[in-house]
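Hi everyone, thanks for making time. I'd like to walk you through a structure that's new to most of us, so have a look at it first.

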Amino acid sequence: MPMVNEWEHLKIPFDVIEVATENFKTFIGRGGYGWVFKGKLLVSGKETMVAVKRLNEQFGQGLKQFMTEIQLLSGQQHPNLISLVGYCDEGREKSIVYEYAERGSLDQYIRRTRNNTTTLTWLQRLKICADAARGLNHLHNHVGAPRMIIHRDIKSSNILIDENWVGKISDLGLSKLSVAGFGMSVLVSNGCGTRGYCEPEYYSTGVVTKKSDVYSFGVVLFEVLCGRLCLIDSDDGFSLSAISAKEYYENNSLDKIMDDSLRKHIGSYSMTKFSEIAYRCLHDDREQRPAMDVVLKELEEALKYQEYAWLSAGARMFGGGYLLSVGLYGLWSFIEELVKN
């Protein structure tokens, strides 16, 4: 089924995509409904790195998800959402072209492997989580009233990171567009998403709301804190889940399962704030979970204090003095303004 005319300006011929990807030479991952390849394309006259997801209905998702992504992404421009470059729809050949995220997905940095031994600092983790919250908050609250987008598949592998370590929400193939205020703030659909990240209530009732995304995001926050991927056994035999994360939080024993590289931050205000909002996201009662704008505000506050702690440590390292204190205060004020805006 061909695309509707409103997206005609985004169409890219298949032969152009073949050239851009060198006949799909460089495989970089797997999306919800196909393989993803790296390419190089002229965009507005400038050679640009892109990611191309090629439809393969054998993966369980297909044309419907392909069209959903184009429909939802074509109308969104936000620094914390992966942007749509264009698409191809020629017979059986269907591809979506996105901006390329140089650093890959967040899950690759949560659990160190042989292929990726990079350890993110606590400050980097806070920034990426705040970025992702900003993108998700945009989908929930800022796509143009009274509309909202429920992602339905929030997980660490769907948070991509660009060359500047900016986090971006990706993969809207399972997302749903809803209208608030007309009895449509909740949707009834077949349960989907990824095991471990999906709230139990959605699976049991088929009813999904924005708070369903909040639950999934809470799982991601605990992954980031603990350096463990959901439902994957770690070397110590522990398997992280929403249930186990809440249990350790309630027993004040998160230190037993957290990432070793973060232990020096135990007891810091930013870590306390972070774990508290992560826990609230996983509340069994949807109504008791915070909305994404509240989650974002709490993460931005945690980030703000961690940046201040980092600046303070730098000031102590290079010596005190009135001028240094004034400079530090000026930087702190600047950070506060950034957070407000």
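**A quick tour, from the whole chain to a few rings**

Okay, so buried residues make up 51% of the 341 residues in this chain. Before I go on, please keep in mind that this is a predicted model. As for secondary structure, we have 10 helices and 12 strands.

How is the chain connected to itself? Take the contacts with a separation of 6 or more: 63% of them come from residues 24 or more positions apart. On the outside, the accessible surface comes to about 17000 Å², and carbon and sulfur atoms account for 51% of that.

Now let's zoom in on the aromatics. How many aromatic pairs does the structure hold? There are nine. Let me show you Phe24 and Phe37: their ring centres are 5.2 Å apart and their planes sit at 70°, so we call this pair edge-to-face. The two residues are 13 apart, and they link distant parts of the chain: Phe24 is in the loop between helix 1 (14-20) and strand 1 (26-31), while Phe37 belongs to strand 2 (residues 34-43).

Are these two buried or exposed? Phe24 is buried, at a relative accessible area of 10%, and Phe37 is buried with a value of 10%. The cut-off here is under 20%, so a residue at 10% counts as buried.

Phe37 also pairs with Phe27, and that pair is edge-to-face too, with 6.2 Å from centre to centre and 70° between the planes. Since Phe27 lies in strand 1 and Phe37 in strand 2, this pair ties together parts that are 10 residues apart in sequence. Phe27 has a relative accessibility of 45%, so this one counts as partly exposed.

Put the ring pairs together and you get a cluster: Phe14, Phe24, Phe27, Trp35 and Phe37. There's a charged neighbour here as well. Arg54 lies over the face of Phe24, 4.0 Å from the ring centre.

That arginine brings me to my last stop, Ser95. Where is Ser95? You'll find it in strand 5 (residues 93-99). Ser95 is buried, and its relative accessible area is 0%. And what does Ser95 touch, if we skip residues up to four places away in sequence? The list is Ile17, Val52, Lys53, Arg54, Phe66, Tyr87 and Cys88. So Arg54 turns up twice in my talk: over the ring of Phe24, and among the residues that Ser95 touches.

That's my tour, thanks for listening!

Technical notes. Residues numbered from 1 in each chain as written. Predicted model: local features only at pLDDT ≥ 70, side-chain atom pairs only at ≥ 80, totals over all residues. Heavy atoms only, no water. Helix = DSSP H or I, 4+ residues; strand = E, 2+ residues; numbered from the N terminus. Buried < 20%, exposed > 50% of the residue type's maximum accessible area, 1.4 Å probe, protein only. Contact = heavy atoms within 4.5 Å. Areas by Shrake-Rupley, 256 points an atom, 1.4 Å probe, with all protein chains shown as cover. Phe/Tyr/Trp six-rings, centres within 6.5 Å; stacked < 30°, edge-to-face > 60°. Lys NZ or Arg CZ within 6 Å of the ring centre and 35° of its normal.
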